[in-house]
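Let us walk through this structure by way of its side chains, taking charged groups and aromatic rings in turn.

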Amino acid sequence: MRRTLVLATALAWAAASHGQVSPEIRALHDRVFTFDAHVDIALSFATEESDPGVDGFEPVDLPKMERGGLDAAAFAVFASHGPLDETGYARALEQARTKAAAIRRVTLDMYPERIGLALTADDLRQHAAQGRHSALMSMLNAYSLGAAGEHLDEFFAAGVRMVGFTHLGHNQFADSARPSPQLGDGPALHGGLSDAGRNLVARLNDLGVIIDVSQITEDALLQTVALSRAPVVASHVGVKALVDHPRNLSDRALEAVGSTGGVVHIVAFGSYLEEPSPERSNAILDLLSRNRRETVEQSEAYFREMREINEHLPGASVSDLVDQVDYVVELLGIDNVGLATDFNHGGGIAGWSDVGDAANVTAELVRRGYSEQEIAKIWGGNFLRVFDRVTALARPSP
């Protein structure tokens with residue numbers, strides 16, 4: 001969709017890289033609540049090795065959030081996938097506990113005056129009104145919850161308020177949009193959700209935890225929508241009609257999310273926004289084969305080399321991102337779209353290479369003719385509405 005340039009004629013639009021936008025657009029950006037629905041953290045997050053209070057090499061830290069005017073982000077408690085056995089579950093649980101503890105540490109101990117842990121939508125609003133940022137604790141890959149989700153209450157108590165069922169590979173709850181050949185996956189394991197997955201939908205609804213349908217198969221997504229009494233979100237996805245990637249959602253899947261009153265968050269992940277050139281794809285694959293980012297030194301080297309790849313072999317841009325926003329708005333309406341980055345796990349595009357560039361997205365939305373009210377919905381208002389509704393529909397245990 002190419003919208004008429006309503007605000008572009010009224011504002012002196014001047015988008016450039018690294019947050020260099022006009023004062024008028026920066027003021028608009030600062031007025032709206034801005035939320036990134038998915039960022040990853042390393043196991044070293046919130047330690048002396050990786051201090052989020054320092055403007056460091058990673059795309060997400062507090063100085064960059066401050067520079068970019070990003071009010072809040074969903075920080076993911078992510079654990080990598082493995083065999084569906086007790087050893088695999090135990091390893092993933094350890095990773096998830098480490099990351100949940102790190103998010104609590106940075107918000108409650110290290111920098112509580114700069115960032116708070118958000119347990120409700122009102123917390124997100126209050127922190128922004130106080131001039132503080134927010135961390136919403138999410139979970140990507142419920143694999144770490146155990147064979148039957150027995151650790152869900154533990155992570156809810158720690159602060160998790162959004163859960164995505166899978167990542168790379170089928171797990172005990174659902175089929176993944178990207179089966180894992182290394183784990184012997186076929187196209188499907190459960191035909192969508194397993195019995196444990198269906199039970200998890202109900203338990204998340206009862207707790208008031210937002211269900212994230214990113215990463216699962218279309219069958220699993222449609223089954224989740226049919227079972228959930230609360231709106232669902234897709235925290236970091238693209239549009240399959242524009243780029244045919246396994247992680248992107250078909251119109252049918254997009255409409256299913258919209259039918260719940262949910263939100264589709266378009267992610268700044270290059271290969272979901274455009275088909276990368278062979279040269280760029282090969283360079284990234286080579287980097288990933290050489291660097292597993294298992295140490296802080298490896299992570300620093302990874303981000304440095306990725307910046308070099310982006311400089312010499314540029315891929316998708318903020319314009320491509322907003323093309324997909326436009327598509328979802330045309331299909332579902334302005335109330336069902338949001339934004340995400342997947343920073344620290346491969347996200348980043350020209351014009352939005354770290355959270356300090358966030359105002360460039362606002363500039364592009366203005367250029368397309370979105371009003372301030374519409375931009376406020378896209379950047380975070382739609383998510384706040386869903387969060388409120390999911391909380392209202394919870395059924396706490398007596």
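In this predicted model, Glu 49 has a relative accessibility of 54% and therefore counts as exposed, since the term applies to values over 50%. The residue is found in the loop between strand E1 (35–40) and helix H2 (62–68), and on the surface Glu 49 gathers with Glu 48, Glu 297 and Glu 300 in a patch of negative charge.

The same loop between E1 and H2 also holds Phe 45, whose partner Phe 75 lies in strand E2 (residues 72–78), so that their pairing ties together parts that are 30 residues apart in sequence. Seven aromatic pairs are counted in the model, and in this one the ring centres are 6.0 Å apart with 35° between the planes, an arrangement classed as tilted. Phe 45 counts as buried because its relative accessibility is 5%, and Phe 75 is likewise buried, at 5%. Another pair is made by Phe 343 and Trp 352, whose planes stand at 85° with the centres 6.2 Å apart, so the geometry is edge-to-face; planes over 60 degrees apart fall in that class. Phe 343 is buried, with a relative accessible area of 0%, and Trp 352, at 1% relative accessibility, is buried too. Elsewhere, Phe 35, Phe 383 and Phe 387 form one aromatic cluster.

Turning to the charged side chains that find partners, the count comes to 18 salt bridges. One of them joins Arg 125 to Asp 122, with the closest N and O atoms 2.8 Å apart; both residues lie in helix H4 (residues 121–129), three residues apart, or about one turn of the helix. Both ends are partly exposed, Arg 125 at 34% relative accessibility and Asp 122 at 49%. A salt bridge of 2.8 Å, N to O, also brings together the side chains of Asp 206 and Arg 229, but this pair links distant parts of the chain, with Asp 206 in helix H6 (residues 195–207) and Arg 229, 23 residues apart from it, in the loop between helix H7 (218–227) and strand E7 (232–237). Asp 206 counts as partly exposed at 29% relative accessibility, and so does Arg 229, also at 29%.

In helix H13 (residues 359–368), Arg 368 and Glu 364 are four residues apart, about one turn of the helix, and their side chains meet in a salt bridge of 2.6 Å, N to O. Here both partners are buried, and both belong to a network of salt bridges that also links Asp 323, Asp 326 and Arg 367.

Conventions:
Residues are numbered from 1 along each chain as its sequence is written. This is a predicted model: local features need pLDDT of at least 70, side-chain atom pairs count only at pLDDT 80 or more; totals for chains, interfaces and linings use all residues. Side-chain values use heavy atoms; hydrogens and water are left out. Patches are made of residues with over 30% relative accessible area and no salt bridge: like charges are joined within 9 Å, nonpolar side chains (Val, Leu, Ile, Met, Phe, Trp, Tyr) within 5 Å. Accessible areas come from the Shrake-Rupley method with a 1.4 Å probe; for residues, only the protein chains shown count as cover. A salt bridge is a side-chain nitrogen of Lys or Arg within 4 Å of a carboxyl oxygen of Asp or Glu. Lys and Arg count as positive and Asp and Glu as negative; His and the chain ends are not counted. The place of a charge is taken as NZ of Lys, CZ of Arg, CG of Asp or CD of Glu. Helices (H or I, at least four residues) and strands (E, at least two) are DSSP runs, numbered from the N terminus. Buried means under 20% relative accessible area, exposed over 50%, partly exposed in between (1.4 Å probe, protein chains only). Rings of Phe, Tyr and Trp (its six-membered ring) pair if their centres lie within 6.5 Å; planes under 30 degrees apart count as stacked, over 60 as edge-to-face and the rest as tilted.
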